[in-house]
Structure formats: structure tokens, C-alpha cells
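Trainee: I have a protein model open and would like to learn how to read it. Could you walk me through a few features?

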Amino acid sequence: MICQNCLEEIKDSTIKVCPKCMALLQSKDNVFINNVKVEGLFDLFNYEINFVNNSRVSIFISPNGCGKTTILNFINFLVYPNQQTFKRICKIPVKYFEVEFSNGVRVVYKKNPIKSSNPDYEIFNFTFAIDDGVEYDEDNMLEYLLRAIKFSGKLNHFVELFFQARRSVVSNVAPSINYIKADRLIIDSFADAMEYSVFNVENFKNYGKMRKVSLSSMDNAQSHMKKLYKQALTQTDEKGKIARLNEKIKLFKEIFERRNVVTKKTIEFSAKNGFEIFQKGKPLEINCISSGEKNDFIVFFDLVFRSSDFGVTLIDEPEISLHIDWQEEFIEDAVRICKMNKTQLIVVTHSPSIINGYLDLLAEKKVEDYED
């Protein structure tokens with residue numbers, strides 16, 4: 001239980017808590033998402049979803065249009081609040097959204113009935129509860145918007161301050177999060193600017209530059225691999241980073257080559273090139289593989305190399321463009337990766353082939369009609 005004095009410190013965002021409570025708050029070894037509660041989603045549904053089982057992998061299924069991807073978006077937003085996704089999130093009809101973690105922390109999004117004069121920005125509060133329902137409210141967005149208007153329209157500055165403050169608090173009480181979206185093959189700097197531009201119109205001036213530096217998902221993965229090698233080889237190896245990276249490479253290589261045995265593709269890793277793909281021993285341009293192969297590659301690459309140890313990974317529709325054989329093998333391989341990384345994985349899918357008999361991993365959910 002977090003002591004009352006430390007709760008007050010956290011409330012003030014100073015995070016100057018006693019060593020005992022800080023150890024509890026920052027112990028990420030066994031912190032994962034217990035459940036999610038939603039009220040008034042699309043003004044239609046109330047959800048209660050339990051992600052606790054004997055594995056670190058949970059599968060969430062629901063009919064089209066009932067909010068699976070929206071729920072992932074909210075989980076991602078509450079754990080990592082950021083202004084790039086704020087406008088889209090605040091427009092979604094929902095009255096209350098809560099993520100509860102295994103350490104007793106609850107991160108809550110709720111819309112107050114009062115609206116600002118600008119319909120794009122509705123008031124909302126972040127509320128935290130540490131153990132047994134001890135709650136307090138964070139600053140609401142309206143205060144920052146009013147300050148922004150008062151100080152010559154510097155909206156972007158105050159909105160960024162708001163989200164920085166939220167991230168500072170959340171990062172001390174919740175695990176890190178990695179979100180692998182359904183449109184994972186699209187890496188477009190201009191698309192990001194379109195979301196961000198509600199706060200900073202100046203981004204449009206950089207459109208031409210951004211188009212030139214926009215990378216494909218495969219190029220991005222290759223750059224990330226080179227970065228991991230550089231970090232492992234140039235920093236003091238006190239925590240066995242080289243051995244840890246090699247462990248991940250070994251598992252990824254085994255999964256990739258087994259899943260691509262029909263097309264005789266192999267993969268090699270190096271500090272110089274990051275990774276290279278070969279077909280029958282000949283180098284293959286990484287952007288020339290099929291869309292299904294890219295989807296499969298990016299999902300497993302992100303799960304192995306981008307997911308933080310003891311973190312949470314969300315994957316939306318891993319079945320996209322995949323052959324049934326690959327779908328049926330997906331959960332088995334994902335469980336192995338999550339065991340290695342000690343990562344919790346929440347998978348949203350429509351595919352019975354992804355589930356493939358893993359009925360014990362289906363997230364328990366309770367769905368009711370919302371009544372205003």
C-alpha cells in the first residue's frame with residue numbers, strides 16, 4: 001500500500017516519495033494491465049475487459065464497429081499521453097475510460113459535461129488511484145487552453161506542457177507501452193504532421209522536407225537495428241546488453257527463417273547493415289518482399305526489438321495479409337517472445353486462425369448497452 005504522504009507528493013507531480021513507496025511504484029517486473037473499463041463508448045456500449053491469465057498474452061475479439069481498435073488507441077493514449085493523438089481521441093464519443101494495472105494504479109480518462117466554445121476541445125481530466133480507490137484529479141485540459149488563449153494564442157506550448165506533465169506522472173507508475181497498429185506499413189512524416197498540425201500550423205511549411213526523409217517500415221526497422229547494435233557495442237556492457245541483443249537476434253532469426261522456409265529466405269544481422277535478407281543465398285532488397293511478408297516481419301521485429309522488457313505491447317490485427325499457416329503459428333511464436341522479453345501482449349483480431357485453439361487466452365469481457 002502506498003502511504004498517504006507519498007500519495008500527496010505524487011499528486012503534486014513532484015514524485016519525491018519515500019524509498020519504500022518509490023520501489024513499489026517503480027517495480028516494473030510484474031506490472032501489467034489487469035483490466036479496462038469503458039462507459040458510453042460511441043454512446044452505445046459499456047465494457048469490462050479482464051486481461052489477466054496464466055500467460056502474458058491476451059486475445060481480444062469483438063464484432064466490427066464495436067470499438068476494438070478504439071480501445072487499443074485509448075490504452076495507448078492513457079499510458080503515453082501525447083498531443084499528436086489528442087484531437088482524435090477527444091472526439092471519440094466515450095464518457096469514461098479506465099486502465100487498471102497490477103500494482104493498483106488506475107489511469108482514468110473522463111469527459112465532463114461542460115464543453116469549451118471550440119467543439120474540437122472537450123474538457124477531460126486524468127485521475128489516478130493508487131490501491132483500493134484512493135483517488136485524486138490532475139489538471140484538466142481547459143485550464144491549459146484558457147492560458148494559451150490568454151498568452152497570445154501559444155496553444156502548442158501549453159498543450160505540450162500539459163502532456164509532458166501527464167507523461168511524467170504516468171511513467172513513474174505504469175509500464176512502458178509499444179503499439180503495433182493495423183496500418184503498420186505506413187510510416188509517413190506528413191501523416192504525423194497532419195495530426196500534430198492542429199497545434200502547430202508551421203509543420204505544413206516542412207512538408208517538402210518531410211516527404212524526402214519519409215522512410216518505409218522496413219527501412220525504419222533496419223535503422224533501428226543499427227541503433228541497437230551501436231548502443232550495445234559502444235556502451236559499458238554492465239547489464240549484458242550484447243548478450244541480450246544476441247538472444248533476441250537468435251530467436252527472431254529462427255522465427256523468420258522457419259516462417260519463410262517455402263520461399264527459401266534467410267536473414268543475417270550485423271552492426272554495419274543492421275540486417276540483410278537473402279533468398280537462396282543471394283541478397284534481396286528489403287523493400288521488394290510482399291506486403292504479407294512485410295506485415296509479418298514488422299510485427300515480429302517490433303515485438304522482439306522494440307518492446308521494452310516488462311512492458312506492454314498492443315497489436316491490432318496481426319493477421320493482415322498473412323497466409324493461414326502463418327496465422328496459426330502466430331500466438332505460439334508470440335508467447336515465446338513475450339516469455340523472453342517478459343512483455344505483456346494484447347492482441348486484437350478477427351481471425352479464428354490467429355486464436356487457433358488458444359481459447360484460454362481470450363480476454364474475458366462483459367458488454368452492456370449504455371444508457372445515458
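Mentor: Gladly, and keep in mind that this is a predicted model. Let us begin with Ser321, which sits in the loop between β12 and α12.

Trainee: Is Ser321 buried, partly exposed or exposed?

Mentor: Compare its relative accessible area with the cut-offs: under 20% is buried, over 50% is exposed, and partly exposed lies in between. Ser321 has a relative accessible area of 49%, so Ser321 counts as partly exposed. Look at its backbone too: phi is positive, about 65°, although Ser321 is not a glycine.

Trainee: Where is Lys280, and what is its phi?

Mentor: Lys280 lies in the loop between β10 (274–279) and β11 (282–284). Its phi is near 55°, a positive value in a residue other than glycine. With 67% relative accessibility, Lys280 counts as exposed.

Trainee: Now a strand, please. How many residues of β12 are buried?

Mentor: Here is the general idea: in a regular strand, side chains alternate between the two faces of the sheet. In this model, 5 of the 5 residues of β12 (residues 312–316) are buried, so the strand is largely enclosed by the rest of the structure. On one side you find Val312, Leu314 and Asp316, and on the other Thr313 and Ile315, with both faces covered.

Trainee: Which strands pair with β12, and in which sense, parallel or antiparallel?

Mentor: Strand β8 (residues 177–180) pairs with β12 in the parallel sense, over 4 bridges. There, Asn178 stands opposite Thr313. β12 also pairs with strand β13 (residues 344–348), again in the parallel sense, over 5 bridges. In that pairing, Ile315 has Val347 of β13 as its bridge partner. To get from β12 to β13, the chain passes through helix α12 (residues 324–341), and this β-α-β crossover is right-handed.

Trainee: What about Phe97: is Phe97 buried or exposed?

Mentor: Use the accessibility value again. Phe97 has 1% relative accessibility, so Phe97 counts as buried. Phe97 belongs to strand β4 (residues 96–101).

Trainee: Which residues does Phe97 touch, leaving out those up to four places away in sequence?

Mentor: Its contacts are Val36, Lys37, Val38, Ile71, Phe74, Ile75, Leu78, Val107, Val108 and Tyr109. You can also follow a distance along the chain: Lys111 is 14 residues from Phe97, and their C-alpha atoms are separated by 9.2 Å.

Trainee: Last topic: how many cavities of 30 Å³ or more does the whole structure have?

Mentor: A search finds 2. The largest has a volume of about 70 Å³. Its lining consists of Phe252, Ile255, Phe256, Arg259, Asn260, Glu293, Asp296, Phe297, Phe300 and Trp326. The elements giving two or more residues to this lining are α10 (241–259) and α11 (291–306). By residue type, the lining has 6 nonpolar, 1 polar and 3 charged residues.

Trainee: And which residues line the second largest cavity?

Mentor: Look for Asn73, Asn76, Phe77, Thr85, Arg88, Ile89, Tyr179 and Lys181. This cavity has a volume of about 30 Å³. Helices α3 (68–79) and α4 (83–91) each supply at least two residues of its lining. The lining residues divide into 3 nonpolar, 3 polar and 2 charged.

Definitions and conventions. Residues are numbered from 1 along each chain as its sequence is written. This is a predicted model: local features need pLDDT of at least 70, side-chain atom pairs count only at pLDDT 80 or more; totals for chains, interfaces and linings use all residues. Side-chain values use heavy atoms; hydrogens and water are left out. On a 1 Å grid over the protein atoms alone, a cavity is a set of points where a 1.4 Å probe fits but cannot get out, and a pocket is an open set with protein on both sides within 12 Å along at least five of seven lines; lining residues have an atom within 4 Å of a point. Grid points are joined across faces, edges and corners, and a volume is the space filled by probe spheres set on the points. Ala, Val, Leu, Ile, Met, Phe, Trp, Tyr, Cys and Pro count as nonpolar, Asp, Glu, Lys and Arg as charged, and the others, Gly among them, as polar. Buried means under 20% relative accessible area, exposed over 50%, partly exposed in between (1.4 Å probe, protein chains only). Contact means heavy atoms within 4.5 Å. Two strands pair if DSSP finds at least two bridges between them. A crossover is right-handed if, with the strands pointing away from the viewer, the path from the first strand over the helix to the second runs clockwise.
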